[in-house]
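Good morning, colleagues. Please have the sequence and the structure open in front of you, as I shall refer to both throughout.

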Amino acid sequence: MIFVKILSMMKLVRGQKFYNMSKFYSKILLFGEYSIIKGSQGLAFPLKKFYGELKFPHVNASKPEHNLSDFCEYISVTGILANLLDTDLFRSELEQGLYFDSNIPIGHGVGSSGALCASIFARYSKEFKRKKTYTQSELKYLQDLMALMESYYHGTSSGLDCLISLIDKPVFIRSRNDVESIEDLPKHKMGHFYLYETHIIRKTAPLVHTFLKDYDQSQQVREGVQRFSQLTNELILSLLQAKKTIFDELFSQISRFQYLNFETMICDNIKAFWLQGLESKEFFVKLCGAGGGGYYLVYSPNKALSYPNLTKIDL
């Protein structure tokens with residue numbers, strides 16, 4: 001019996017890379033939602049609360065949610081990806097039951113497909129290895145590859161979600177094509193951050209389409225986005241420089257601006273809570289990604305919060 005088990009294990013690992021498969025974390029776009037489309041800066045973090053990892057099944061494994069076989073075929077016929085990734089090994093391990101085990105909520109704006117693409121790229125890349133630092137050219141190259149992979153799921157992708165999961169570092173986005181990984185961000189000097197769960201699954205594309213349509217058709221919207229972009233850039237700078245008093249004031253301004261100008265992206269079941277924060281100044285709410293459901297970001301400048309649907313996060 002022992003001999004049979006050993007043979008079974010040998011069969012499982014045949015052809016595999018001999019290292020443990022890593023966890024790939026979700027992400028949170030702390031600042032830059034919508035405005036980044038029109039040229040503002042952005043700041044994004046790995047979100048350690050949620051993660052996914054490639055696994056081989058146990059006896060009682062649940063059915064995987066992602067169809068990785070179709071994704072493998074997409075990679076195998078996509079030029080540069082087919083050359084960079086070992087699709088033969090990928091296909092072989094899928095036949096052995098490989099699946100993506102994840103607790104990242106889908107449709108919540110925290111990068112579920114990004115973590116999946118990052119995990120597959122890291123495992124089957126013929127050249128990539130995680131390291132402590134990356135040059136800007138390396139990050140841009142990886143971002144382009146990640147965008148190509150994630151476009152399988154979204155049609156188009158910036159690649160940023162995948163990139164953050166892949167390198168497991170905060171990223172400062174100067175522009176859509178200029179990103180830099182950040183070390184030693186002074187976030188511990190700020191207040192408390194939370195996710196507010198709306199229990200509503202949303203899709204990003206229709207919300208972004210509405211934003212772009214309104215932007216193109218209205219001078220007032222364009223002027224508002226310009227002001228919003230300026231606030232976003234100033235807020236990011238205040239965080240990078242650990243200027244808490246300025247950060248707190250700018251966060252409250254962005255919360256108020258979004259409450260008044262992003263009505264389409266704000267769920268009915270969070271509006272009263274959002275307004276309560278603005279009026280009491282105890283906390284402030286903003287979009288977390290596209291809005292319309294999923295999570296919203298809550299910031300308390302001073303004291304810890306205890307409200308329903310809130311989960312504290314460490315960035």
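I shall begin with the whole chain, continue with two helix contacts, and finish with four individual residues.

Please keep in mind that this is a predicted model. The chain contains eleven helices and nine strands. Its radius of gyration is 21 Å, close to the 20 Å expected from the globule rule for 315 residues, so the chain is as compact as a globular protein of that length. Along the principal axes, the C-alpha atoms occupy a box of roughly 70 × 40 × 35 Å. Of the 315 residues, 49% are buried. If we consider contacts with a sequence separation of 6 or more, 72% of them join residues 24 or more positions apart.

Let us turn to the helices. Two packed helices are described by the angle between their axes and the distance between the axes. I have chosen two pairs, and helix 7 belongs to each of them.

The first partner is helix 5, residues 112-124, which packs on helix 7, residues 160-167, at an angle of about 55 degrees, with the axes 8 Å apart. Helix 5 is therefore oblique to helix 7. The crossing of these two helices is right-handed. On the side of helix 5, the contact is formed by G114, A115, C117, A118, F121 and A122, and on the side of helix 7 by D161, C162, S165 and L166. By residue type, this contact has seven nonpolar residues, two polar and one charged.

The second partner is helix 6, residues 136-154. Its axis and that of helix 7 come within 8 Å and cross at roughly 120 degrees. How does helix 6 lie relative to helix 7? The angle makes helix 6 oblique to helix 7. This crossing, too, is right-handed. Helix 6 contributes L139, L142, Q143, M146 and E150, while helix 7 contributes L160, D161, C162, L163, L166 and I167. Here the residues divide into eight nonpolar, one polar and two charged. I would draw your attention to D161, C162 and L166, which appear in the contact with helix 5 and also in the contact with helix 6.

I now come to the individual residues, starting with the loop between strand 1 and strand 2, where Y34 is located. Y34 has a phi near 70 degrees, which is a positive value in a residue other than glycine. Is Y34 buried or exposed? With a relative accessible area of 4%, Y34 is buried.

S35 belongs to the loop between strand 1, residues 24-31, and strand 2, residues 42-55. S35 counts as buried because its relative accessibility is 0%. Apart from neighbours within four places in sequence, S35 contacts S40, F228, S229 and T232.

K281 also has a positive phi, of about 60 degrees, although it is not a glycine. K281 sits in the loop between helix 11, residues 268-280, and strand 7, residues 284-287. Its relative accessible area is 60%, so K281 is exposed.

My last residue is D101, in strand 3, residues 99-102. D101 is partly exposed, at 27% relative accessible area. Which residues does D101 touch, not counting those up to four places away in sequence? They are Y51, G52, E53 and K55. Finally, D101 and K286 are 185 residues apart along the chain, and their C-alpha atoms are separated by 30 Å.

Thank you for your attention.

Key
Residues numbered from 1 in each chain as written. Predicted model: local features only at pLDDT ≥ 70, side-chain atom pairs only at ≥ 80, totals over all residues. Heavy atoms only, no water. Helix = DSSP H or I, 4+ residues; strand = E, 2+ residues; numbered from the N terminus. Buried < 20%, exposed > 50% of the residue type's maximum accessible area, 1.4 Å probe, protein only. Contact = heavy atoms within 4.5 Å. Axes fitted to C-alpha atoms, helices over the stretch in contact; angles between N-to-C directions. Parallel < 35°, antiparallel > 145°, perpendicular 65-115°, else oblique. Left-handed = near helix turned anticlockwise from the far one by under 90°. Nonpolar A, V, L, I, M, F, W, Y, C, P; charged D, E, K, R; others polar. Rg over C-alpha atoms; globule rule 2.2 N^0.38 Å.
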